[in-house]
Amino acid sequence: MPTILDDYKPQITEEQAMLSQKSINFVKVLMLQEELERERERLYQELSEIEKKEAFEVLSKQFNIPDFITVRDVSEILGITPQMVRRHCSDGKLKSHQTLEGSGKWRIDTEQFMDKPNWDKFIEKRAKLKNNP
C-alpha cells in the first residue's frame, strides 16, 4: 500500500504542506477514494447488461453475495428506511417479489445495487460473514 500512496501526487496546498506525513497520507487516501468512486461509477455506466451480470457473478463468488437480499440490507445500501424499501418494492421501483402476499417480506434482486454508494460497505459485511462463519 505505501507504494500507491508514494505514487499518488495530488496538488498540495501550502496549508497541506505543513502537515505531518501521516496526515498527508490520510488526505491522499481520502482523495484516492473519491477518484476511485468516480472511476467506479464511470466504468459501471459503460458496462453492458451481460458485463454487469459477469461482474456480479465474480463478486458473488468472492464475497458470498446471495442472488436476493433482505429489506434491511437494501435499506443499508440505499440509505433509506425499511418502510421506504418496501414501498419501492410494491411500486415496482426495485426488482423484487413478495415471498408471501401481504407479509411485508421481499426477495430483492441483489445485482441492481452494484452501482450504489454503499455497495462497498455491503461487500465488506459479506466478506466478514464469509471469513467468520
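Hi everyone, let's start with what is tucked away: of the 133 residues in this protein chain, 27% count as buried. Please keep in mind that we are looking at a predicted model.

Now the outside. The protein chain exposes about 9800 Å², and carbon and sulfur atoms supply 54% of that area.

What is the chain built from? The secondary structure comes to seven helices and three strands. If you walk along the sequence with me, the order reads α-α-α-α-β-α-α-β-β-α.

Next, contacts along the chain. Take the contacts with a separation of 6 or more: residues 24 or more positions apart account for 56% of them.

Let me zoom in on one pair of helices. In general, two packed helices are described by the angle between their axes and the distance between the axes. Our pair is helix H5, residues 71–78, and helix H7, residues 119–131. Their axes come within 8 Å and cross at roughly 135 degrees. Why do we call H5 and H7 oblique to each other? Roughly antiparallel would need an angle over 145 degrees, and roughly perpendicular covers 65 to 115, so H5 and H7, at roughly 135, are oblique. As for handedness, H5 passes H7 in a right-handed crossing.

Which residues make the contact? From H5 we have Asp-73, Glu-76 and Ile-77, and from H7 come Trp-119, Phe-122 and Lys-125. Sorted by character, the residues of this contact divide into three nonpolar, three charged and no polar.

Do find H5 and H7 in the structure above and trace that crossing yourselves. Thanks for listening!

Terms used. Residues numbered from 1 in each chain as written. Predicted model: local features only at pLDDT ≥ 70, side-chain atom pairs only at ≥ 80, totals over all residues. Heavy atoms only, no water. Helix = DSSP H or I, 4+ residues; strand = E, 2+ residues; numbered from the N terminus. Buried < 20%, exposed > 50% of the residue type's maximum accessible area, 1.4 Å probe, protein only. Contact = heavy atoms within 4.5 Å. Areas by Shrake-Rupley, 256 points an atom, 1.4 Å probe, with all protein chains shown as cover. Axes fitted to C-alpha atoms, helices over the stretch in contact; angles between N-to-C directions. Parallel < 35°, antiparallel > 145°, perpendicular 65-115°, else oblique. Left-handed = near helix turned anticlockwise from the far one by under 90°. Nonpolar A, V, L, I, M, F, W, Y, C, P; charged D, E, K, R; others polar.
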